[in-house]
Each structure stands twice: as structure tokens, then as C-alpha cells.
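Reader: I am new to reading protein structures, and the labels confuse me. Could you walk me through how each one is earned?
Author: Gladly! Let us look at the picture together and take the labels in turn.

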Amino acid sequence: RATWLSIADNDYVLLLTFHHSIVDEWSLRLLGEELQQLYIAKGSPDATILPTLAVQYADYSVWRRQQLIGERLEFLRQYWRDQLHDLPEALELPADLPRPQRPTGQGAIHEFELAASVIQPLRELARQEGTTLFTVLLTAFHVWLHRYTQQTDIVVATPHTTRNHPELEAVFGFFLNTLPVRARLERGLSFRETVRQVHNTLMSAYSHAELPFEQMVELAVHDRHAGLHPLHQVMFVLLEESVPALRLGQSTGRPVFVGTDTSKCDLTLSVLNTEGEWICQWEYDTDLFFPETVARMSDHWTQMLTSVVENPDQKIGRLELMSAAERHQVLVEWNDTDRDYP
């Protein structure tokens, strides 16, 4: 569905609405590129303007179905059956409100910025360990959740692209699967050691990523609870490159954030690189959390990353979550209870 809004002279909004089942973030890049080519060609329907596709999404769909049969399917199912065996009941984040029997799906966004002085050392740590910034940030999220919940067996879901063939790079469609990444954390391990552990788990998950998420749920979850998302309650997303600006002739378009007031999980952390600025967004369930609680989570997340940057070989149980000011408030001001007795 497309809507063109005229706000004022030289100020317009192009609103495009898709069902998520047919579009991923890569597809939005393709759409922008093709819109620009068609605009330059003055909307000519001549198909030679656009690249000829080697395959269509339907071809990919048939190929995927043919792959997921027989021994390969059973191999994948056995892997995820073992990986997700004996999952913990739920990740119990300290919520402000009791979990409702039937969640409303209502949510909100809290946004804040990460300094480049934090991102660059984390990228250097990833280089030292032969892994990626994504792995380091995902590890940090696991550790942050461990420190908040004191749980040691934590599942974080993350989207994984299935565009693993060059022919698919120009195809518009949904090429994502959700991977549950399970980490077993030990307070005595250093952050660097935990990065290595999560890296190995990720590499193994990537090599078994073809199994659709709904089949993983069938393998691992036997008693569904209406108030809980199956397999995981939190998600992590990293986008190192934002969708580029849309240029139509002399006009330059910029993305406009549109809030949906919904939340797919209890908590989703997205880290987005927007023209060199690193923006973090918490999408949180307002059935569970107050805005001020999520704002405090942001402070603790930022402080923990700073602590990692200062010493990645520090034990994860000793990474700082509180700023100096908050620590003084908790340990000194709130303990200033000395009084004279008659």
C-alpha cells in the first residue's frame, strides 16, 4: 500500500506499507534503488531498466522446501532438539508489573545514543578474537541479562538472513529466520572468554540455520503459555548500515521513524548505525515495564559496555552496571541512617 502525502511546497512524505512476511531490511534497499532507477527513467515500464532476475522468490521457496526433507531435515531437527533440550522456564527480568495472563502486545520505544568511543574498542576486541562486532554486542547483552536476572542459562533470539546465494541478492522478499542463541554463563569467566563461548555457539547455529523457527518451537516447547513468547522473551538486532537516503532527482528523502506502540517480546534491543551515529532502541512491553525503568536499563547497559572497554579480561560478575553517581546514592546516601538516640 502506497500513500503520497503533500505537507507543504517541497515537503512530501511517501508512506509504504508491507506485510512483514514479504519484506526484510535488504528488500527495502532494493526497493529504494529500483525506485531511483525508475524515477530517472521517468517511470518507463521498459523492463530493461531493471536487472533481469536469475530466480524469483517462488523458485527460492520451492528450493527451500526440497532441501528440508529426509536426512538433512532430521539432522537439523536433531541438532536443535539437543541445543534446546531442558530449556529454563522463562527469563525473569525484574518487571514493574505482574505478567498478565494474556498480554496486550502494547509497547513503546526508548532511544539513546552510544558513543563511537565505546563502539571502536568493541570492534577492536572483535578483531582480536577473530569474530564480529555483532558477536561482541550479543555477548554483552547476554551478560547484561545475566546480571539483571542472576540466571545463567539465557536464550536470546536474533534474526538471521538466509540470502546465502549470490542469485538471491537482487530478489525482493522475506529472507530471514529467527535463531535462538543459548548461552550458559559463569560469573568466574572473563568477558573475553564469554565472547569466545558465544562465538562458538553462533557459528554452530549458523551452520544449522535452515530449520524454520516454528519447527524449533515444536521441538522444544511442549506446554505453551499464553503469557510467554515461545523459546525466548528477548531479542537482539544489529544493523551496521542503515537504509540509504532515497534520491529522486533533486530531492533527497530521509527515513521517518513511525512508532507502532507495540512490542513483539518482553524486551528487544536494537543497535543501529545511522550515518555514523550508533543509536540503541529498547522496544519494551508496557504490560511489564515503566518508562523510567527502561531508561535506567539504558544507563546500566551503557555503563557495562564502558566497563568492558576498560578491561575486557575482567570477570563478568565484576563488570560495573552503575555509574559513580548511582553507586554513591545506593551505598552512601541511602545508608546515611546514623541518628542520635535520647
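**How the labels are earned**

Reader: How do you know that the length of helix 8 (residues 291–310) agrees with its number of residues?
Author: This is a predicted model, and we can set the length expected for helix 8 against the one in the model. With 1.5 Å for each residue, its 20 residues should span 28 Å, and the C-alpha atoms at its ends are 29 Å apart, so the two agree.

Reader: What about helix 5 (residues 133–149), and how do you know that its length agrees?
Author: The reasoning starts from 17 residues at 1.5 Å a residue, which should give a span of 24 Å; the end C-alpha atoms are 24 Å apart, so the expectation is met. Just after helix 5 comes Gln150, with a positive phi of about 65 degrees.

Reader: What makes helix 5 "mostly covered"?
Author: Of its 17 residues, 17 are buried. In helix 8, the buried residues include Met297, His300, Trp301 and Met304.

Reader: Why is Phe141 called buried?
Author: The label needs a relative accessible area under 20%. Phe141 has 0%, so it counts as buried. Phe236 is also at 0%, so the label buried fits there too.

Reader: Which residues touch the most other members of the largest nonpolar core?
Author: In that core of 50 residues, they are Phe141, Trp144, Phe191, Phe236, Trp282 and Trp301. Helix 5 gives the largest share of this core, with 11 residues. There is also a second, separate core of 19 residues, with Leu73, Ala209, Ala220 and Val221 among them.

**Rings and strands**

Reader: What makes the pair of Phe141 and Phe236 "tilted"?
Author: Two rings pair when their centres lie within 6.5 Å, and tilted covers planes that are neither under 30 degrees nor over 60 degrees apart. For Phe141 and Phe236 the centres are 5.9 Å apart and the planes make 35 degrees, which puts the pair in the tilted class. Phe141 sits in helix 5 and Phe236 in strand 6, 95 residues apart, so the pair links distant parts of the chain.

Reader: Why are the rings of Trp144 and Trp282 called a tilted pair?
Author: Their centres are 5.1 Å apart and their planes stand at 35 degrees, so this pair is tilted. Trp144 belongs to helix 5 and Trp282 to strand 10, with their positions 138 residues apart in the chain. Both Trp144 and Trp282 are buried. Among the residues that Trp144 touches, leaving aside those up to four places away in sequence, are Leu93, Leu267, Trp282 and Trp301. One aromatic cluster includes Phe141, Trp144, Phe236 and Trp282.

Reader: How do you know that strand 9 (residues 267–274) is largely enclosed by the rest of the structure?
Author: Of its 8 residues, 7 are buried, so the description fits. Strand 9 runs parallel to strand 6 (residues 234–239), joined by 6 bridges, with Val234 opposite Leu267. With strand 10 (residues 277–285), strand 9 pairs in the antiparallel sense over 8 bridges. The hairpin of strand 9 and strand 10 has 2 residues between the strands, and Glu275 there takes a positive phi near 50 degrees.

**Charged partners**

Reader: What makes Arg99 and Asp266 a salt bridge?
Author: The rule asks for a side-chain nitrogen of Lys or Arg within 4 Å of a carboxyl oxygen of Asp or Glu. Here the closest N and O atoms are 2.7 Å apart, so the pair qualifies. Asp266 has 7% relative accessibility, so it counts as buried, whereas Arg99, at 26%, is partly exposed.

Reader: Why are Arg127 and Glu124 said to be about one helical turn apart?
Author: They are 3 residues apart in helix 4, hence the separation of about one turn. Their closest N and O atoms are 2.6 Å apart, and they form a salt bridge. Arg127 has a relative accessible area of 57%, so it is called exposed.

Reader: What makes the salt bridge of Asp313 and Arg192 a tie between separate parts?
Author: The two side chains meet at 2.8 Å, N to O. Asp313 lies in the loop between helix 8 and helix 9 (324–331) and Arg192 in helix 6 (residues 191–206), so the pair ties together parts that are 121 residues apart in sequence. Through shared partners, salt bridges join Glu129, Arg192, Arg196 and Asp313 into one network.

Methods. Residues are numbered from 1 along each chain as its sequence is written. This is a predicted model: local features need pLDDT of at least 70, side-chain atom pairs count only at pLDDT 80 or more; totals for chains, interfaces and linings use all residues. Side-chain values use heavy atoms; hydrogens and water are left out. A nonpolar core is a set of buried Ala, Val, Leu, Ile, Met, Phe, Trp, Tyr and Cys residues joined through side-chain atoms within 4.5 Å. Buried means under 20% relative accessible area, exposed over 50%, partly exposed in between (1.4 Å probe, protein chains only). Helices (H or I, at least four residues) and strands (E, at least two) are DSSP runs, numbered from the N terminus. Contact means heavy atoms within 4.5 Å. Two strands pair if DSSP finds at least two bridges between them. Rings of Phe, Tyr and Trp (its six-membered ring) pair if their centres lie within 6.5 Å; planes under 30 degrees apart count as stacked, over 60 as edge-to-face and the rest as tilted. The expected span of a helix is 1.5 Å times one less than its number of residues.
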